[in-house]
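Here's a quick tour of what sits inside this protein, from single side chains up to whole helices. Keep the structure open and click along as you read.

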Amino acid sequence: MSAPSRARAPRLFDLPSDVKKLLTIDTFKGNVSTDDFMEKISADLVERMNEYSGAAAFDPKPFIRTFENVLDELVQLRTRVQEQCDELENSTQIVEHQYKKDIADMQSAFEDVYRSYDSLESRIGEVGNTAIRIGEQLETIDKQRSRASESRDIIEYFMEFQEGNSERLSLLCEGGDEGQLKGAIICRRLNAVAKEVDTHVKARIGIEQFCESFEKEMLEDFDRAYKEGDPRVMAHRAKVLFEFNGGASCVQMYVNQHEFFISNKKIEEMEELRRSEDNLDLSNPNIPPPEVDTSLVKLYDDIRITVRKEANIISAVFPQPATVMQVFLQRVFAQSIQNHVELLLSRAQRYSHLAYLRTLASTHAETKRLVDNLKFYCDKEAKLTDAADATGLLTSASPEEALDRCMNDLFVPYTEADRYLEREKLALNELFGRIIAEFLNYMQERKKNSARNQSVLTRTLNQISASTSGAMLYPGSLPTDQPASPSSTNPFERGYDGGGAISAENGSRSGNGGVVGASDSGNLVTVDDDGFKLLSRDAIMRMLNIHTEAIVRCMELSDAQDLPTSIRFLYSVLLDFIGTKYLDIALDDIIEELGSKAEPDTSCFPVVATTTKVIQLMQKHFQTAVLPLVVGAPSVHRNILTSKNKFMSALENKANDVLRKELTSITAWLKELLLLQKRNDFRPRDEDVIMMSMGTQPCVQIVDFVTRIYRAACKSLQGKNLETFLFNIGQKLHLMLLDHFKKFYVTPTGGLLVSKDISKYEEVIQMFKIPALNDLFEMLRQLGNIFLVKPEILRSILSEGYLARLDPSMLYPYLEKRVDFKSAKLDRILGVVDENAANATPADSKSQRRSLFVNDNTVLKEMRKNYNKDFLNQEYIAAFKSS
């Protein structure tokens with residue numbers, strides 16, 4: 001809407017020209033500053049005011065008049081602008097209405113066009129379908145016409161042969177390359193007709209003779225071109241023969257006459273290979289598997305060169321190159337590779353199962369690499385693919401499929417069913433058996449003069465003997481008058497430097513003058529002072545390496561889906577030898593031996609340490625070599641994990657049984673040694689004190705025995721196992737000593753010997769470095785002081801240290817063993833009386849249990865004040881009560 005206009009009053013004063021120029025629409029376009037606008041319209045007035053001075057310097061009237069005039073002009077300007085906006089809006093609405101109308105009209109027109117196009121498309125589709133049907137009908141009619149024409153020609157040719165005339169077909173075949181190709185097709189068809197028509201014998205015979213002559217001529221031309229190296233003629237003759245009979249005769253001629261199969265050099269190489277000997281390292285499990293046989297590598301290199309060369313020739317000559325290459329590759333595998341592989345395996349089989357398996361695995365891996373190379377040559381370089389065969393006479397697999405089939409056919413006789421795994425089991429039984437047999441023979445020899453049962457050893461040796469090579473004789477199994485052959489090929493009969501039992505320490509002297517841990521044979525080492533022998537660490541590592549190599553071969557020769565099951569089978573063989581045929585026998589022998597000797601020896605410790613280390617090695621071997629291959633098969637993984645855990649748990653339990661029985665034997669022997677204590681050892685004469693200055697005889701023997709046990713245990717046990725074992729020894733010795741010192745009367749001089757013995761016991765126990773045992777024997781040392789001090793000092797002794805924490809009634813049995821107990825009236829000094837003894841009659845005094853009553857004297861009050869119920873005091877009290 002336009003703003004209301006006012007009547008324009010006559011102006012007394014007109015605006016300056018520069019102000020009028022500002023009152024236009026252009027001035028207010030964009031960003032306009034009001035202050036700037038006011039300054040511009042009043043700039044002239046300000047200049048004129050500056051010319052005056054004094055009180056009348058500023059006159060507002062000119063400003064008012066100017067502002068009023070400007071305001072009037074601005075109002076008029078706004079009115080004009082509003083009118084223009086209204087006009088523009090009206091024009092825009094009219095144009096917009098017209099535009100919408102035009103759009104609606106155009107949309108209707110477009111819809112009409114779309115409908116016209118849809119109708120046209122439908123009509124074109126109908127015409128196209130009609131044209132296709134017409135074309136198919138024309139094609140069918142043309143085929144029928146061609147077939148009729150060809151049939152007519154075949155009938156005419158057939159009738160000519162029936163009449164004995166073949167000149168027209170001969171002229172056709174002699175009419176150049178195109179004539180030969182047509183003649184080949186006609187001959188093929190005539191031959192097919194002749195085989196189905198039995199009445200026209202003359203025509204059939206004539207056709208067969210002509211076809212034979214034609215094929216022979218083509219083959220002769222192909223052979224001539226092949227010898228002359230003319231690929232163009234070869235390609236044409238091959239195409240003719242492929243049209244004639246599928247090209248089988250042409251392909252066979254090409255393959256049979258190839259230099260690779262008839263070379264005299266190849267024949268000489270095979271004869272030389274038959275006469276050569278195999279690499280002896282193949283039968284030695286102590287070295288890594290040798291490389292692939294050089295003759296096989298050379299053969300495969302020649303095959304790569306030949307196939308790469310022939311792939312280009314075949315693709316250029318034959319119309320179906322993939323078929324020809326398939327025949328060529330089959331001939332290569334059947335004649336060259338298979339004969340060579342069979343020769344290598346038969347030669348290796350004469351040496352050992354290991355040599356056979358190593359040869360089989362290396363041959364398989366090398367053949368797989370050859371197949372991959374040949375696939376690349378045929379597919380990527382030569383691009384051997386068969387052209388479409390319109391006749392339908394030729395169907396063939398691709399060279400890749402043919403190579404895979406040849407590879408499978410080559411190794412199926414050696415890997416199908418359980419043939420490979422049975423071979424692997426025989427090899428492992430043979431190799432593991434040679435190592436374990438040395439230990440079993442040693443154990444059997446060790447038991448010859450013993451009444452202990454040898455049936456397990458004998459049965460195990462018989463099993464190993466049946467599974468190993470008949471030419472292998474175990475050490476010790478030869479008659480004494482028959483020395484071992486110096487040319488023996490047994491790799492396990494050699495000595496190995498640095499061999500030692502897993503738990504043995506090098507440098508320890510053996511009882512027979514040898515060095516404990518020194519290698520006695522290829523696989524056995526002496527592990528203790530009694531000459532007990534175990535398999536060396538190198539022998540165990542060789543067994544694990546042999547098993548690892550078997551796993552690698554299994555990965556190469558087993559199918560992916562059968563691999564977890566095969567790995568489980570091989571792992572069961574390792575568990576059987578390491579567990580049942582080695583460690584179980586060693587542990588059972590130790591357990592049996594511990595119960596047959598009065599003084600326990602230290603041979604059990606190396607066996608336990610060996611068991612622990614073997615378990616650790618087996619666990620590491622399982623995680624590294626076995627687990628990654630079976631984790632993808634949950635059922636097999638679960639079964640093999642159960643077998644492994646059962647194996648390790650059984651060995652751990654049996655090792656614990658050995659240690660428990662050893663501890664029992666040690667305890668019994670300590671008791672035997674304490675029984676050697678004489679009644680008067682602690683009531684000695686003066687000369688006896690000098691003789692026993694180092695301690696009494698039982699003490700010296702116990703210290704030596706415990707020291708020997710400690711050193712043997714430290715070599716074999718570690719961590720908590722060692723600490724628990726030593727703590728049990730120290731605790732049992734402490735209990736026995738508490739009871740031991742109740743049995744002997746002690747003189748003041750004998751108190752020195754008691755103190756000396758206890759000091760020796762404490763010194764040997766301190767080697768254990770177990771704080772709890774140190775506290776127990778410190779208390780025992782303080783207890784020994786009550787035999788040493790004068791009666792008047794007893795009060796201070798009993799009120800200090802560990803003794804102050806004990807009930808005085810527990811100390812009474814020791815105090816009464818002092819020879820001056822009655823003379824010094826120690827019971828009165830301590831306020832301890834035997835109440836029952838005083839009231840009992842002489843007849844039953846010996847059968848009464850001693851009941852002690854403690855008076856409230858000064859010493860006991862001080863002892864009670866220091867007495868508390870902490871854990872350590874309870875342990876001491878329990879020790880005294882049990883003693």
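T79 is buried, because its relative accessible area is 10% and the cut-off for buried is under 20%. Bear in mind that this is a predicted model. The bullets below start with T79 and another buried polar side chain, then move on to the nonpolar cores, one helix and its cover, and the aromatic rings.

**Polar side chains on the inside**

- You'll find T79 in helix 4, which runs over residues 61–162.
- What does the side chain of T79 have for company? A polar atom of that side chain lies 2.9 Å from the backbone oxygen of V75.
- V75 and T79 carry numbers four places apart, and in general an α-helix has 3.6 residues a turn, so residues three or four places apart point the same way.
- R434 belongs to helix 16 (residues 419–446), and with a relative accessible area of 7% R434 is buried too.
- The side chain of R434 has a polar contact with the side chain of E430, at 2.2 Å.

**Nonpolar cores**

- The largest nonpolar core takes in 191 residues. Inside this core, the residues with the most contacts are I303, F318, F439, M618, F725 and I786.
- Which helix gives the most to this core? That's helix 19 (residues 563–594), with 16 residues.
- Leaving out residues up to four places away in sequence, M618 touches L544, Y571, L574, L575, I578, F647 and M648.
- There's also a second core, separate from the big one, with seven residues. Among them are L15, L22, L23 and V70.

**Helix 25 and what covers it**

- Helix 25 spans residues 748–766, 19 residues in all. From first C-alpha to last, helix 25 reaches 27 Å, close to the 27 Å expected at 1.5 Å a residue.
- Which residues of helix 25 are buried? They are G750, G751, L753, V754, D757, I758, Y761, E762, V764 and I765.
- The cover over those buried residues includes helix 21 (634–674), helix 23 (697–716), helix 24 (719–740) and helix 26 (771–784).

**Aromatic pairs**

- The count of aromatic pairs comes to eleven.
- F376 and Y377 make an edge-to-face pair, with 6.3 Å between centres and 65° between planes.
- Are the two partners buried or exposed? F376 counts as partly exposed because its relative accessibility is 44%, while Y377 counts as buried because its value is 10%.
- Y710 and F768 are stacked, at 5.4 Å centre to centre with 25° between the planes.
- That stacked pair ties together distant parts of the chain, 58 residues apart: Y710 sits in helix 23, and F768 sits in the loop between helix 25 and helix 26.
- Y710 is buried at 17% relative accessible area, and F768 is buried at 7%.
- F682, F741 and F744 are linked into a cluster by ring pairs.

**Lysines over rings**

- Where does the charged end of K644 sit? It's over the ring of F622, 5.0 Å from the ring's centre.
- K817 lies over the face of Y745, 4.4 Å from the centre of the ring.

Methods. Residues numbered from 1 in each chain as written. Predicted model: local features only at pLDDT ≥ 70, side-chain atom pairs only at ≥ 80, totals over all residues. Heavy atoms only, no water. Core = buried A, V, L, I, M, F, W, Y, C linked by side-chain atoms within 4.5 Å. Buried < 20%, exposed > 50% of the residue type's maximum accessible area, 1.4 Å probe, protein only. Helix = DSSP H or I, 4+ residues; strand = E, 2+ residues; numbered from the N terminus. Contact = heavy atoms within 4.5 Å. Expected span 1.5 Å × (residues − 1). Phe/Tyr/Trp six-rings, centres within 6.5 Å; stacked < 30°, edge-to-face > 60°. Lys NZ or Arg CZ within 6 Å of the ring centre and 35° of its normal. Polar contact = N/O pair within 3.5 Å; in protein donor to acceptor, adjacent residues only side chain to side chain.
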